[in-house]
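This report describes selected contacts of the structure shown below. It begins with one helix pair and then turns to a strand pair, the domains and the chain contact.

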Amino acid sequence: MAELIQILVSGLAAGSIYALAAVGFTLLWQASQTINFAQGEFVMLPAFFVLVGMTVLGLPMWPAIGLGLVLSLLILGVAFKRLIVEPMLPHGTLPLVIATIALGLLLKESVKELYGATAQPFPAVFPQTVFNVAGASVSIQDIGNLVVSMLAIGGLQLFLNRTRTGRCMQASAQNPAVAEILGVNVKRMVMYTFLINAALATIASVLISPIYLAKFSNGETLGLVAFIAAIVGGFNQIRGALVGGLLIGVIDNLSALYISAEYRSAMPLILLIAIILLRPQGLLGTPEGRTV
Amino acid sequence: MIKKLLCTAAMTMVLGMTPALADLKIGSIVELSGPGAAAGTNFRDGVKMGFEEINADGGVLKEKIELLEYDTQTDPQVSRALVQKAIDDGVYAITGTVFSSSTVVNMLVAKQAGIPQFTGSEAPSITSMSNPYIFRTAFGSQKGVPKMTRYMIETMGVKKAAVVWANTEFGKGGHTAFVDAMKEAGIEIVTDIPTEQAQTDFSADIVKLKSSDADAAFIYVTEEESARFLREAAKQGLKIPLVGETTLIGHKVIELAGEAANGAMGHVGLTPDANIPAVTEMVERFKAKYNYTPDHNAIKGYTAAWAIKYVTEMVGSPDSQAIAEKLHGLTLNAAEHPGVLMDVSWDETGEMSRESFFVEVQDGKQVVKAILPPN
């Protein structure tokens, strides 16, 4: 039992961070039909902004995280939208997908070139205290990661459903033409979506880097997991991405413990195949019809 | 006029016939990116510092060494292509690679071309393939691990053991050496956990270890994975002693794992914290030059550079085949060859022998608990 509690807590903590990245994925898709294959690198990069703040500028951790957030909003939010998405989107989804793949490679190689190829230690946001729950050692770090991720996603849901700006963002995502007729500044709403994605990526980066260590290649795993989580949960639903992220975190850990450590990385992919075959819209997604 | 023309022509011919004073070329082929970057960068920096000192000291056979650097990206196929490229570029010896999965692939190219290769890899298979051109810069795990298991059994009193290992060529070598040594000593392996290269999440592995009744666990994964493993072990409050090789208690691991590295133990062939003046001085020069503390891989690279110089000068020319022949059965003692830092020998397979250390990480530093004799 203790074993199961331990693995569930670890799985949920990791899964909640995957969910942050997956939610960003779905937001961008809904707002601008952008499938961002650089999402993993978006999560990798803010950790290096923070490290630059701490090691180069000599800032304490929290101001460095603040700096990381600002730089992420500017680079991964504003610059990404203005320099890549806006020029590429009129040419269709596929060129944009290829552009984001190229962007991911550029970010990865740039970090390797400018900061180094080796992993870097990253300071933990939460204390390393461990306490006992029914025989399982539960760390403040795991609980903290879970709580912060849930608060971020819960806050986002509230913002989208309960505020005027949030509803305008939803209207812009669902039908931009009608939203514009109704007086919504669609371009601004789409920009908000990109900024929210950058903020979520920063939170995910700060939470996961103490565990993964900050490394230029971290985005490879994170991007794939976030993409699978978004598909499994439902590409057009935030709560779907949340469920997908948590599910993958737990399944990954359970399969490593009870099935086979060698095939653990295959389990999310098997889940993905099963979902596509049995419920193509994802666990919580809604079917979208298209005519030709 | 004719005299002048003849004179000029004669001089041109003489100059044309004079051999150019070309530098001697060595290939440094290591993992500068990918999962092996921590180990490879240390190894490369050690080699580089070694050859810079050698050049400042007059070079090899009074010629400067030109070090050609190549990044394998920790990809065996890339490493194979780069060994071929280095040979095409005219190197007479190669240093690297560090990751065994790469070395087992690329050493065949060096063997075919008859170029001696000084590897930082530790998989047993590397020196068991009848390759007369491969030479270690640290023990293979089949030599290092039995020294460590003896210490675990005799000094730590381990009766039941667990093993966590990377499912790669490197990891399989250490795993086999550990399991064989323990079985021979009648020690039961109660938990056996393979992990993947570049694995990031070790929660399930630590849970398995916690539920085993092992007295100690042998951890044999690469540096970055070791750091993540130690962090997760500390997070879950794992109590049993964690014992490993250089990859568990190296300086990069200590830097990455922070306080979580304290208490980890292991056997190291080379350690910057060994109380040996030559090693201490080399470490200080390295720190001043690169602004970080070298690990065993840097010392491997440094000693490889000096070994190449000494053997080349013993042979009297950069003759790759003669150098390889000379190295088999050779002992370089540190008194006469200070660049190798400690007495070292190579046998007929390219395997090496040297004293080594059992260390424990205390307050972020390796503390030598015992000096283990050569085997």
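In this predicted model, helix α2 (residues 39–56) of chain A packs against helix α9 (residues 218–233) of chain A at an angle of about 130°, and their axes are 7 Å apart. Angles under 35 degrees count as roughly parallel, over 145 as roughly antiparallel and 65 to 115 as roughly perpendicular; α2(A) and α9(A) are therefore oblique to each other. The crossing in which α2(A) passes α9(A) is right-handed. On the side of α2(A), the residues that take part are A:Q39, A:G40, A:E41, A:V43 and A:M44. They meet A:N218, A:G219, A:E220, A:L222, A:G223, A:L224 and A:A226 in α9(A). By class, this contact of α2(A) with α9(A) consists of 5 nonpolar, 5 polar and 2 charged residues.

Chain A also contains a strand pair. Strands β1 (residues 130–133) and β2 (residues 136–139) of chain A run antiparallel and are joined by 4 bridges. Within this pair, A:V130 has A:S139 in β2(A) as its bridge partner. The two strands, β1(A) and β2(A), form a hairpin with 2 residues between them. In the turn, A:A134 has a positive phi of about 50°.

For chain B, the domain assignment gives domain 1, which comprises 24–139 + 275–354, and domain 2, which comprises 142–268. The C-alpha centres of these two domains of chain B lie 27 Å apart. Where they touch, 20 residues of domain 1 of chain B are in contact with 18 residues of domain 2 of chain B. On the domain 1 side, the elements that give two or more residues are α2 and α4 (100–113) of chain B. That side of domain 1 of chain B has 9 nonpolar, 8 polar and 3 charged residues.

The two chains also meet. Their contact takes 26 residues from chain A and 29 residues from chain B. On the side of chain B that touches chain A, two or more residues each come from α2 (37–56), β7 (188–195), α7 (203–211), α8 (223–235) and α10 (251–257) of chain B. The residues on this side of chain B divide into 10 nonpolar, 10 polar and 9 charged.

The class compositions of the contacts described above are set out here.

| Contact or side | Nonpolar | Polar | Charged |
|---|---|---|---|
| α2(A) with α9(A) | 5 residues | 5 residues | 2 residues |
| Domain 1 of chain B, side that touches domain 2 of chain B | 9 residues | 8 residues | 3 residues |
| Chain B, side that touches chain A | 10 residues | 10 residues | 9 residues |

Terms used. Residues numbered from 1 in each chain as written. Chains lettered and ligands numbered in written order. Predicted model: local features only at pLDDT ≥ 70, side-chain atom pairs only at ≥ 80, totals over all residues. Contact = placed C-beta atoms within 7 Å. Nonpolar A, V, L, I, M, F, W, Y, C, P; charged D, E, K, R; others polar. Axes fitted to C-alpha atoms, helices over the stretch in contact; angles between N-to-C directions. Left-handed = near helix turned anticlockwise from the far one by under 90°. Domains from an automatic or database assignment. Pairing = 2+ DSSP bridges.
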